[in-house]
Amino acid sequence: MSANRPSAARRPSYAICAGTILLLTACGNTSETAGGTHEVRAAASASAGVAGPQAAGDRRRAAPGPYAPRVVPREIPALGSRTRGGIPADARQALVVTGDSYDSSLSTAVLYTRDDPAAGWRAATGRWPAHNGLNGWTDEHWEGDLRTPVGVYGLTAAGGRFEPPETAFPYEQRPEFAVSGEGFEGETLEGSFDYVVAVDYNRVPGASPLDPERPLGKERGGGIWIHVDHGGPTQGCISLPENRMRELLRILDPEKKPVVVIGDAEGLER
């Protein structure tokens, strides 16, 4: 017999120890009916930051609900980031006048509103035919260039020769809005200023459309209005059919901080 082999007398002690180990191991795997197991597991769970036996239930309650897509407010179409950035955050009405091309005097107009800022802009009217300056558009307007200034401008005052339709917009009726003569295509100008809305380019916002003050200087032009269309190009104004001018005045609301967004299609996409 080898000297390294354990003697027979010592073998039972190994068996007892092995049985003890098996018993202790089995206690560690017992079901919840084993006394004291709940305290042990709760302590272990607490040390791991989990709320003991309720952890599974807590995980079920914390599970995310059904996927809800984020609603993105609608933007005014065909406007680039720079043009959109020029629209004041508190403006809730925007008349968008889009020229056919940089050198064209033909354009279209749509009035947009955003009564619910979370939903964004929506078209409040259809597409209206319009005219702009004889020579088209410009990013830097000068007196006599016969172009309409591109940009975003406030609308704060209106007036005309005729009594206005029912409107909340500031309006003054004065005989000085009379005009005569011929346009660039031989059309009569009479009645063009029966209804006007002043565009706040190089003028004092809120002043009468007839106010002559030019903060940028007279050489930078002024007197840019939205007025009744006379059937041809303008000297720099925007013109709309008479029934559309009346509709515009009915809709415009000073509480909604209206603006006009004007320019050729390519310019407005910037």
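**View 1. The largest cavity has a volume of about 40 Å³.** This is a predicted model, in which local features need pLDDT of at least 70 and side-chain atom pairs count only at pLDDT 80 or more, while totals for chains, interfaces and linings use all residues. Residues are numbered from 1 along each chain as its sequence is written, and side-chain values use heavy atoms, with hydrogens and water left out. A cavity here is a set of points on a 1 Å grid over the protein atoms alone where a 1.4 Å probe fits but cannot get out, and lining residues have an atom within 4 Å of a point. Grid points are joined across faces, edges and corners, and a volume is the space filled by probe spheres set on the points. With that rule, the count is one cavity of 30 Å³ or more. Its lining is made up of Ala198, Val199, Tyr201, Arg203, Pro209, Asp211, Arg214, Gly223, Ile224 and Trp225. Sorted by type, that lining has six nonpolar, one polar and three charged residues. For that sorting, Ala, Val, Leu, Ile, Met, Phe, Trp, Tyr, Cys and Pro are nonpolar, Asp, Glu, Lys and Arg are charged, and the others, Gly among them, are polar.

**View 2. The largest pocket holds about 540 Å³ of space.** Its lining counts 28 residues, and Phe193, Gly223, Gln235, Gly236 and Cys237 are the closest to its centre. A pocket, unlike a cavity, is an open set of points with protein on both sides within 12 Å along at least five of seven lines. The lining splits into 12 nonpolar, 12 polar and four charged residues. Gly223 turns up in this lining and also in the lining of the largest cavity.

**View 3. The second largest pocket comes to about 190 Å³.** Here 14 residues form the lining, with Val96, Thr98, Thr108, Tyr112 and Arg127 nearest the centre. The elements giving two or more residues are β1 (93-99) and β2 (106-113). Strand β2 supplies the largest share, four residues. Strands (E, at least two residues) and helices (H or I, at least four) are DSSP runs, numbered from the N terminus. By type, the lining has nine nonpolar, three polar and two charged residues.

**View 4. Tyr153 sits in strand β7, residues 151-160.** This tyrosine has a relative accessible area of 14%, so Tyr153 is buried (buried means under 20% relative accessible area, exposed over 50%, partly exposed in between, with a 1.4 Å probe and protein chains only). Setting aside neighbours within four places in sequence, Tyr153 is in contact (heavy atoms within 4.5 Å) with Val199, Asp200, Tyr201, Val259, Val260 and Ile262. Val199 and Tyr201 also help line the largest cavity. Closer along the chain, the side chain of Tyr153 reaches the backbone oxygen of Val150 at 2.9 Å. Pro88 is 65 residues away in the chain, yet its C-alpha atom is 9.7 Å from that of Tyr153.

**View 5. Thr138 belongs to strand β5, residues 137-138.** What is the relative accessibility of Thr138? The value is 8%, so Thr138 counts as buried. Beyond its neighbours within four places in sequence, Thr138 is in contact with Tyr102, Asp145, Arg147, Thr148, Pro149 and Val150. Val150 also offers its backbone oxygen to the side chain of Tyr153 in the previous view.

**View 6. Stepping back, the chain has six helices and 12 strands.** Of its 270 residues, 38% are buried. Among contacts between residues at least 6 apart in sequence, 62% join residues at least 24 apart.

How values were computed:
A polar contact is a pair of N or O atoms within 3.5 Å; within protein, one must be able to donate a hydrogen and the other to accept it, and residues adjacent in sequence count only if both atoms are side-chain atoms.
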